[in-house]
Amino acid sequence: MFDHADDEPILVLSEDESWRLLENTQHGRLVTVVAGRADIFPVNHAVQERTLVLRTAPGTKLAEMAVNEEVLFESDGILSDQAWSVVLRGHAQRLETEKDREAVQSLGLRSWVPTLKENYVRITPTHISGRHFRFGLQPERELGEGSETG
């Protein structure tokens with residue numbers, strides 16, 4: 001998926017690489033914080049012009065984003081020999097106008113469960129970071145001067 005320089009197990013991803021991963025996945029976790037209390041919600045999402053869009057029903061998630069628009073979003077993928085993680089920090093805003101809602105309807109964003117989720121939220125990023133991990137065995141510790149056998 002990604003080439004790691006010098007066979008390093010962890011690769012820091014560029015913004016473009018991080019966005020490419022988000023564009024090709026639909027699931028993640030949304031973190032909200034109100035009055036010093038963090039909540040985390042599994043959500044599905046879509047990417048539109050380097051923003052995230054999600055749908056939600058009225059409830060805790062929507063209320064907390066209205067109180068504090070600063071949110072975190074994390075998505076990851078895990079395969080047998082590698083994994084990745086992307087974290088996005090940004091501002092959440094409910095899409096209020098019909099024009100805004102129409103602009104995101106073409107994304108094909110569907111609810112996971114058969115419930116009405118008629119509220120669209122856009123997360124505009126202030127920061128994005130990503131990491132790619134190559135799996136392997138823990139390396140042996142090198143014994144040196146001052147060790148019991150060195």
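What radius of gyration does the protein chain have, and what would a compact globule of 150 residues have? The protein chain has 20 Å, whereas a compact globule with that number of residues would be near 15 Å. Before I go on, please keep in mind that this is a predicted model. The C-alpha trace, taken along its principal axes, spans about 70 × 35 × 30 Å.

Now the layout. The protein chain contains three helices and eight strands. Going along the sequence, the order is β-α-β-β-β-β-α-β-β-α-β. If we take contacts between residues at least 6 apart in sequence, 69% of them join residues at least 24 apart.

Next, the surface. Buried residues account for 36% of the 150 in the protein chain. The accessible surface is about 9,900 Å², and carbon and sulfur atoms hold 49% of that. On charge, there are 16 positive and 25 negative side chains. The centres of those two sets are 10 Å apart.

Let me move to the inside. In soluble globular proteins, nonpolar side chains tend to be buried together. Here the largest nonpolar core has 23 residues. Which of them touch the most other members? They are Trp-19, Leu-22, Leu-52, Met-65, Leu-88 and Ile-123. Several elements give two or more residues to this core: strand 1 (10-13), helix 1 (15-23), strand 3 (37-44), strand 5 (51-56), helix 2 (60-67), strand 6 (70-78), strand 7 (82-94) and strand 8 (119-134). Strand 7 supplies the largest share, four residues.

Take Met-65 as one example from that core. Setting aside neighbours within four places in sequence, Met-65 is in contact with Leu-30, Thr-32, Leu-54, Val-71, Ala-92 and Val-121. There is also a second, separate core of six residues, and Val-53, Leu-95, Val-104 and Leu-109 are among them.

Now some polar and charged residues, beginning with Asn-44. Asn-44 is in strand 3. Is Asn-44 buried or exposed? Asn-44 counts as buried because its relative accessibility is 11%, and the cut-off for buried is under 20%. Apart from neighbours within four places in sequence, Asn-44 contacts Gln-26, His-27, Val-53, Leu-54, Leu-109, Arg-110, Ser-111 and Trp-112. Two of these names came up a moment ago: Val-53 and Leu-109 are included in the second core.

Glu-64 is next, and it sits in helix 2. With a relative accessible area of 10%, Glu-64 is buried. What does Glu-64 contact, leaving aside neighbours within four places in sequence? The partners are Thr-32, Val-34, Arg-37, Asp-39 and Phe-41. Glu-64 and Ala-38 are 26 residues apart along the chain, and their C-alpha atoms are separated by 9.7 Å.

Thr-32, which contacts both Glu-64 and Met-65, comes up again with Glu-70. Glu-70 lies in strand 6. The C-alpha atoms of Glu-70 and Thr-32 are 7.3 Å apart in space, with the two positions 38 residues apart in sequence numbering. The contacts of Glu-70, again leaving aside neighbours within four places in sequence, are Gly-90 and His-91.

Thr-56 is in strand 5. Its relative accessible area is 2%, so Thr-56 is buried. Not counting residues up to four places away in sequence, Thr-56 touches Lys-61, Leu-62, Lys-117, Glu-118, Asn-119 and Val-121. Val-121 is also a contact of Met-65. From Thr-56 to Thr-115 the distance is 9.4 Å, C-alpha to C-alpha, while in sequence they are 59 residues apart.

Last, a pair of residues with unusual backbone angles to look at on the screen. Glu-49 is in the loop between strand 4 (46-48) and strand 5. Its phi is positive, about 50 degrees, although Glu-49 is not a glycine. Glu-49 counts as exposed because its relative accessibility is 75%. Arg-50 lies in the loop between strand 4 and strand 5 as well. For Arg-50, phi is near 60 degrees, again a positive value in a residue other than glycine. How exposed is Arg-50? Arg-50 is partly exposed, with a relative accessible area of 37%.

That is what I have on this one.

Definitions and conventions
Residues numbered from 1 in each chain as written. Predicted model: local features only at pLDDT ≥ 70, side-chain atom pairs only at ≥ 80, totals over all residues. Heavy atoms only, no water. Core = buried A, V, L, I, M, F, W, Y, C linked by side-chain atoms within 4.5 Å. Buried < 20%, exposed > 50% of the residue type's maximum accessible area, 1.4 Å probe, protein only. Contact = heavy atoms within 4.5 Å. Rg over C-alpha atoms; globule rule 2.2 N^0.38 Å. Areas by Shrake-Rupley, 256 points an atom, 1.4 Å probe, with all protein chains shown as cover. Lys, Arg positive; Asp, Glu negative; His and termini not counted. Charge placed at Lys NZ, Arg CZ, Asp CG, Glu CD.
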